[in-house]
Amino acid sequence: TVGLGLGHAGCFAAMYHTLNHSICKVTSFFCAGRVGQTYGTREMRLITGSLTACPIWGAGLFVSLLVLIGCAPGSIFLSEFLILRAGISGGHFWTGGVFLLSVAAVICGALRHAVGMAFGDEARPAQPSRQKVHPVTAALVAVMVGWLIFTGVWIPSGLSTILDRVAKVISGG
């Protein structure tokens, strides 16, 4: 929403953020569901050490959560950086500062939970059950996580063109 008020560059960044945020949410919910099935619970405080207990789903969940909260080199980091840059280059210093503080608060608040679920204590309340990993679902997670990292360091030119056109429509350009 902040990006939409920052002109063409902000709209471009907001649309890029929306696209990658949706891909990231789907990936994290898919992996969280599988981790929850493995542990027999959906309570985050009861899920610890998921990287060891269910490596594919635990890694997919951990990486997608890191991207979702804006850690580099994820695509959400890049879109948030582009929003911040649009704010500062447009002279919206207060908006950029509040945006930056908000992003920092999200990172600090969510990182503790993500790390706890991925690593956490080895002493778990219940022993997680092992599930067979289907190669197609593992490949799906790998492709999605790969997209989230890849688009954190480079925006493909075709996608950039589409986002530029959408941003022109939204910003009235």
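Helix axes are lines fitted to C-alpha atoms over the stretch in contact, and their angles run from 0 to 180 degrees between N-to-C directions. The model shown in these views is predicted.

**View 1. Helix 3 packs against helix 6.** Helix 3 spans residues 55–68 and helix 6 spans residues 135–153. Their axes lie 10 Å apart, at an angle of about 20°. Angles under 35 degrees count as roughly parallel, so helix 3 is roughly parallel to helix 6. The crossing of helix 3 past helix 6 is left-handed.

**View 2. Helix 1 crosses helix 4.** The axes come within 8 Å and cross at roughly 165°. Helix 4 covers residues 75–89. The two helices are therefore roughly antiparallel. Helix 1 passes helix 4 with left-handed geometry.

**View 3. R34 is buried without a salt bridge.** R34 belongs to helix 1, residues 7–39. The nearest side chain of opposite charge is E43, 19 Å away. The R34 side chain instead has a polar contact with the side chain of Q37, at 3.2 Å.

**View 4. E43 pairs with R45.** This is one of two salt bridges in the structure. The closest N and O atoms are 3.1 Å apart. E43 is partly exposed, at 37% relative accessibility. R45 is exposed, with a relative accessible area of 64%.

**View 5. D164 and K168 form a salt bridge within helix 7.** Helix 7 runs over residues 157–171. The partners sit four residues apart, about one turn of the helix. Their closest N and O atoms are separated by 3.6 Å. D164 is partly exposed at 25% relative accessibility. K168 is also partly exposed, at 40%.

Terms used. Residues are numbered from 1 along each chain as its sequence is written. This is a predicted model: local features need pLDDT of at least 70, side-chain atom pairs count only at pLDDT 80 or more; totals for chains, interfaces and linings use all residues. Side-chain values use heavy atoms; hydrogens and water are left out. Buried means under 20% relative accessible area, exposed over 50%, partly exposed in between (1.4 Å probe, protein chains only). Lys and Arg count as positive and Asp and Glu as negative; His and the chain ends are not counted. A salt bridge is a side-chain nitrogen of Lys or Arg within 4 Å of a carboxyl oxygen of Asp or Glu. A polar contact is a pair of N or O atoms within 3.5 Å; within protein, one must be able to donate a hydrogen and the other to accept it, and residues adjacent in sequence count only if both atoms are side-chain atoms. Angles under 35 degrees count as roughly parallel, over 145 as roughly antiparallel, 65 to 115 as roughly perpendicular and the rest as oblique. A crossing is left-handed if the near helix is turned anticlockwise from the far one by less than a right angle, and right-handed if clockwise.
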